[in-house]
Amino acid sequence: MNLRKAMLIGAVLLTVLAAAAYSLQGSFAGFGFGGPKVLVAYFSRAGENYAVGRTEKGNTAALAEIIADETGGDLFEIKTKEAYPEKLKEVLEVARREQKENARPELAEKVNLADYDIIFLGYPNWCSDMPMAVYTFLETNDFEGKTIIPFSTSLTDALTGNEKNIPLHAKGAKVLDGLGLEGKFVHDTPRLVKPLVKEWLDNLNWKEAAKSE
Ligand SMILES: Cc1cc2nc3c(=O)[nH]c(=O)nc-3n(C[C@H](O)[C@H](O)[C@H](O)COP(=O)(O)O)c2cc1C
């Protein structure tokens, strides 16, 4: 093959590659090459709990795993340095005290949010709010340009109602509509949760909705 022919083939190949890359990027405009990077960050507590007795895995953790499975996201557990009590009566006391004091419990591990575009944020309803450790997570990370999608478990199938305040703590974040499910339902019948999660994600059109304007 002469040099001119080789250069011509090289140029054609480069053009085809560039066009493919452009069309891929175009389909996820607003995110990096290859689409949004997704994190499923959640707080959850195993141990004695309402309705489900003593559990090895918290209800929110179970929901987080289903969401990570559906979205291809990485899982990250928001854990405090000091573990919460295993007994329900004791954890209630700690949760009430922390809420009263507007505490920010120290977290055990950090995650590099720079690696992610969309953060699914999961937590149980604790005393009609998010556990205070979730506020620590929101306030000690940089959410500029990120999208948060909340999900929660509780004694009912509602979110805490305080989700509107998330952007006050996660500065720069855009927050989409969340999913609230009854903890016992998630614990007892995870196979029924999967289609609900899928339906929620489809209705939310989450990847499109998360794109920056
Ligand atoms: C300290 C504490 C406070 C709670 N407060 C509420 C509440 O105010 N409203 C509610 O619906 N459920 C409340 N619950 C129930 C939890 O939200 C529910 O059991 C949830 O599914 C637990 O999730 P987890 O297993 O991931 O920790 C509370 C549970 C605990 C341990």
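## A tour from helix H2 to the central strands

Begin by selecting helix H2, residues 59–71: at 1.5 Å a residue its 13 residues should span 18 Å, and the end C-alpha atoms lie 19 Å apart, which agrees. The expected span used here is 1.5 Å times one less than the number of residues in the helix, and helices (H or I, at least four residues) and strands (E, at least two) are DSSP runs numbered from the N terminus. The model is a predicted one, in which local features need pLDDT of at least 70 and side-chain atom pairs count only at pLDDT 80 or more, while totals for chains, interfaces and linings use all residues. Residues are numbered from 1 along each chain as its sequence is written.

**Along H2**

Colour the helix by burial, where a residue is buried if 20 or more other C-beta atoms lie within 10 Å of its own, exposed if 12 or fewer, and partly exposed in between, with C-beta atoms placed from the backbone. The buried residues of H2 include Asn59, Thr60, Ala61 and Leu63, together with Ala64, Ile66 and Ile67. An α-helix has 3.6 residues a turn, so residues three or four places apart point the same way.

Move next to Glu70, which also lies in H2 and counts as partly exposed because it has 17 C-beta neighbours inside 10 Å. Beyond its neighbours within four places in sequence, Glu70 is in contact (C-beta atoms, placed from the backbone, within 7 Å) with Val197, Lys198 and Leu201. For a sense of scale, draw a distance from Glu70 to Asn2: the two are 68 residues apart in sequence and 51 Å apart in space, C-alpha to C-alpha. Just after the helix comes Gly72, whose phi is positive, near 75°.

**The whole chain**

Zoom out to the full chain, which has eight helices and eight strands. Its radius of gyration, taken over C-alpha atoms, is 21 Å, well over the 17 Å that the globule rule (2.2 Å times the number of residues to the power 0.38) gives for 213 residues, so the chain is more spread out than a compact globule. Along the principal axes, the C-alpha atoms fill a box of roughly 80 × 35 × 30 Å. Of the 213 residues, 32% count as buried, and among contacts with a separation of 6 or more, 79% are between residues 24 or more positions apart.

Now select residues 37–203, where an unreviewed UniProt entry places the feature "domain: Flavodoxin-like"; such annotations may be inferred rather than shown by experiment. Over this range the chain is 35% helix and 22% strand, and the end C-alpha atoms are 20 Å apart.

**The nonpolar core**

Show the largest nonpolar core, a set of buried Ala, Val, Leu, Ile, Met, Phe, Trp, Tyr and Cys residues joined through C-beta atoms within 7 Å; among its 42 residues, Ala41 and Val134 touch the most other members. Elements that each supply at least two residues include strands E1 (38–42), E5 (118–124), E6 (147–154) and E8 (179–182), as well as helices H2, H4 (132–139), H7 (190–204) and H8 (206–210). The largest share, six residues, comes from H4. Centre the view on Ala41 and, leaving aside its neighbours within four places in sequence, find its contacts with Phe76, Ile78, Val111, Ile119, Leu121 and Phe137.

**Strands E1, E5 and E6**

From the core, follow the strands, which pair if DSSP finds at least two bridges between them. E1 and E5 pair in the parallel sense over five bridges, with Val40 standing opposite Phe120 in E5. E5 and E6 likewise pair in the parallel sense, over seven bridges; Ile119 stands opposite Ile148, and the bridge partner of Tyr123 is Ser152.

In a regular strand the side chains alternate between the two faces of the sheet. On E5, Ile118, Phe120, Gly122 and Pro124 on one side and Ile119, Leu121 and Tyr123 on the other are all buried. Turning to E6, eight of its eight residues are buried, so this strand is largely enclosed by the rest of the structure.

**Two loop residues to finish**

Select Cys127, in the loop between E5 and H4, where phi is positive at about 55° although the residue is not a glycine; with 14 other C-beta atoms within 10 Å, Cys127 is partly exposed. Last, go to Ala51, in the loop between strand E2 (47–49) and strand E3 (53–55). Ala51 also has a positive phi, near 70°, and with 12 C-beta neighbours inside 10 Å it counts as exposed.

How values were computed:
Two residues are in contact if their C-beta atoms, placed from the backbone, lie within 7 Å.
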